[in-house]
Amino acid sequence: MSLEYQKPLCLLTPFPWGAVTPCRDDIRQLRALSLHRATNVTYQSHHVSRSKRGQVMGQRGGFRGCTIWFTGLSGAGKTTISFALEELLVSKGLPAYGLDGDNVRHGLNKNLGFSPEDREENIRRVAEVAKLFADSGVIALCSFVSPYAKDREKARKVQEDIGLPFFECFIDTPLEICEQRDTKGLYKKARAGEIKGRD
Ligand SMILES: Nc1ncnc2c1ncn2[C@@H]1O[C@H](COP(=O)(O)OS(=O)(=O)O)[C@@H](OP(=O)(O)O)[C@H]1O
Ligand SMILES: Nc1ncnc2c1ncn2[C@@H]1O[C@H](COP(=O)(O)OP(=O)(O)O)[C@@H](O)[C@H]1O
């Protein structure tokens, strides 16, 4: 498959000393290119079926793989609920794993910030990871602000396209309550103009 751009990378902004830095449109194009960089790759089928995996996962037998996706404001209670559910499921012999925004951003996604583009990429990667967990028979519990419906819909599609259930759960805590909690001091910083939605 060839990947050619209709539009050339023409919007480079020169620095006074002659170096160039890509502008936002260029970054979008570069990112789109980097997301589809590999060519000549062929999907390799596994020899183990989901039901076989289900037989060896957990103490309860049967395939349980799915994704439960918690979305909501910072401070809404996503992590609390997700990790409590993880504990409950594991205590009942059901394999579960909590993938949390703060944690994933320390590792896999530590090169991403909070611009709309970075949030989109954050959710795309996590959806792919959750798909692998779910396909292996684990209940993937994802707790991410994931503010954009289109990104959550893509995450759902990634799972449902291969027959894995996906449950979206909106933690509907009002902004005023989240701001009162402000466990990380982010709302205070945002009100003070120290951080913006993109920072
Ligand atoms: N600007 C800004 N906006 C939102 N969140 C911020 C920001 N800066 C840092 N943080 C911290 O990062 C956590 C959110 O990461 P996510 O990966 O869930 O965000 S997103 O889904 O990509 O929007 C979020 O975690 P939670 O508070 O648990 O939601 C914050 O601790
Ligand atoms: N249902 C709840 N009722 C009251 N406080 C809660 C509830 N869920 C979470 N909290 C508290 O709110 C704060 C933020 O919760 P957290 O799970 O970290 O939110 P998020 O992951 O959405 O940012 C924590 O101090 C937590 O103890």
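1. Gly 77 is a good place to start: one of its polar backbone atoms sits 3.0 Å from an oxygen atom of ligand 2. On the side-chain side, Thr 80 brings a polar atom to 2.5 Å from an oxygen atom of ligand 2, and Arg 181 has a polar side-chain atom 3.3 Å from a nitrogen atom of this ligand. A polar contact here is a pair of N or O atoms within 3.5 Å. The protein covers 60% of the 550 Å² of accessible area that ligand 2 has on its own (Shrake-Rupley method, 1.4 Å probe).

2. Please keep in mind that this is a predicted model, where local features need pLDDT of at least 70, side-chain atom pairs count only at pLDDT 80 or more, and totals for chains, interfaces and linings use all residues. Residues are numbered from 1 along each chain as written, ligands are numbered from 1 in the order written, and side-chain values use heavy atoms, without hydrogens and water.

3. The residues around ligand 2 (a heavy atom within 4 Å) include Leu 73, Ser 74, Lys 78 and Thr 183. By class, this shell has 6 polar, 2 nonpolar and 2 charged residues, with Gly counted as polar. Helix α3 (residues 78-91) gives the largest share, 3 residues; helices are DSSP runs of H or I, at least four residues long.

4. Elsewhere, helix α5 (residues 116-135) packs against helix α6 (residues 149-160) at about 25 degrees, with axes 9 Å apart; axes are lines fitted to C-alpha atoms over the stretch in contact, and angles run from 0 to 180 degrees between N-to-C directions. The two are therefore roughly parallel (under 35 degrees).

Terms used: Polar contact = N/O pair within 3.5 Å; in protein donor to acceptor, adjacent residues only side chain to side chain. Parallel < 35°, antiparallel > 145°, perpendicular 65-115°, else oblique.
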